[in-house]
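Hi,

Here is the structure I promised to pass on. Have a look at it first, then read my notes below.

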Amino acid sequence: MTDFGKYTKELKKLIEGAHHILLICHINPDGDAAGAMLALRRWIISHGGNAEMISPNALQKFLLWMHDADKIVDFHHNIEKGTRLIREADLIIMVDFNSPSRLGKAEELVLSSTARKVMIDHHPDPGTLADLIISDTGRSSTSELVYFLVNEMEEGEFSEPDFIEAVYVGIITDTGNFEHGLYSGDTMRTVGLLLDRGVDKEKIVNHIFSNFSADRMRLKGFALHSRMVIHPDLHTAYIWLTKEDLETFNHVKGDTEGFANILLAISGIVLSVLFVERSGFVKMSLRSKGSFNANVLSRRCFNGGGHRNAAGGEMKGSIHDVLEHFEEVLPSFKAELDAAAAEIAK
């Protein structure tokens, strides 16, 4: 785990010295991106400061209930305001990403800004896109990292209700409510403290994991029945969905959330992938068990990245082109897949 002392003094100095703070997260923000941003803003406000927030595109519907989520500027649909906020900022804090490509259409503006820049993230292989880089790959989420940073700057426990709620959202979304992802004893001790301080676990879980439409459930059933492919010899399973499939089931943003994890429940499966066709390209979400590094596969083959057991990527072309490419490259990972399967089977 990271020694926060050498970072928090500089981070606090930057925040206290800034007049126009901007918090920005990655494109297609998840609960951790939103949670980390909202939590850090809540601490800044509690100390008499202010911070604007930008997301490169819209939050998913199941996150809109969060306090102050309505204050996050959707850059994609409000370019004029987003551009003004970036240009006015004298401190830009980037949360939950470590590559400028994750900024979407805001990338060029952020990179060209003369503002001081801070990156707070938990993904491996951080880029050098900030003056201060706070990276800890041992944390379950950027929200967990923000929790520790804030408590260091506070020189004690900061337990304001909206802050601890945002942190909890980030932790449970990046771990699938502790069903996957990287989390440690420190994570669980943090969760225990959040619960002790009054986090409404049932309310949050209902908002995050039990807030889907009937169409989404039908899409899930269709995906498992008609779009599932299994390669037992390669310990791999995947789901593929076309643009037409999504339209048939009235897909809205967030409906395929969690689909990438489903197939890991199959005995012997080490790698699970979800392929979703968009206009001119395909997005994929990769999940893995044990030692198999989904991040390496994604970076090497799909212009992506992420964590060892959870990564994402995309590739231009039709879904059939992308599936053909995946089927071609997958056997080259057989040794790693076999090794991971053998370890899990012990």
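How many of the residues of strand β9 (residues 271–277) are buried? Seven of its seven residues are, where buried means under 20% relative accessible area, exposed over 50% and partly exposed in between (1.4 Å probe, protein chains only). Helices (H or I, at least four residues) and strands (E, at least two) are DSSP runs, numbered from the N terminus.

Before the rest, some small print. This is a predicted model, in which local features need pLDDT of at least 70 and side-chain atom pairs count only at pLDDT 80 or more, while totals for chains, interfaces and linings use all residues. Residues are numbered from 1 along each chain as its sequence is written, and side-chain values use heavy atoms, with hydrogens and water left out.

Back to β9. Both of its faces are covered: L271, V273, F275 and E277 are buried on one side, and S272, L274 and V276 are buried on the other. Strand β8 (residues 236–241) pairs with β9 in the parallel sense over six bridges (two strands pair if DSSP finds at least two bridges between them). Across that pairing, W240 stands opposite F275. β10 runs antiparallel to β9, and seven bridges join the two; one of the partnerships is S272 with R287. The two strands form a hairpin with three residues between them, and G280 in the turn has a positive phi of about 85 degrees.

Now zoom out to the sheet. It is open, has six strands in the order β7-β8-β9-β10-β12-β11, and its pairing is mixed. β7 (228–231) and β11 (305–306) each have a single partner strand and stand at the edges, so one side of each has no neighbour in the sheet. Further along, β10 (residues 281–288) and β12 (residues 310–316) run antiparallel, joined by seven bridges, and V282 sits opposite M315 there.

Another strand worth a look is β6 (residues 132–135), where the side chains alternate: L132 and I134 point to one face and are buried, while I133 and S135 point to the other and are not. β6 pairs with strand β5 (residues 116–121) in the parallel sense over four bridges, with V118 opposite L132.

A few single residues caught my eye too:

- T83 lies in helix α3 (residues 79–88) and is buried, with a relative accessible area of 12%. Leaving out residues up to four places away in sequence, T83 touches F75 and L109 (contact means heavy atoms within 4.5 Å).
- E155 is in the loop between α5 (142–154) and α6 (161–174). Its phi is near 60 degrees, a positive value in a residue other than glycine, and E155 counts as exposed at 72% relative accessibility.
- N250 is in the loop between α10 (243–248) and α11 (259–262). Its phi is near 50 degrees, again positive in a residue other than glycine, and N250 is partly exposed at 49% relative accessible area.

Last, the whole chain. The protein chain has 14 helices and twelve strands. Its radius of gyration is 20 Å, close to the 20 Å that the globule rule gives for 346 residues, so the chain is as compact as a globular protein of that length. That radius is taken over C-alpha atoms, and the rule is 2.2 Å times the number of residues to the power 0.38. Buried residues make up 51% of the 346.

Cheers
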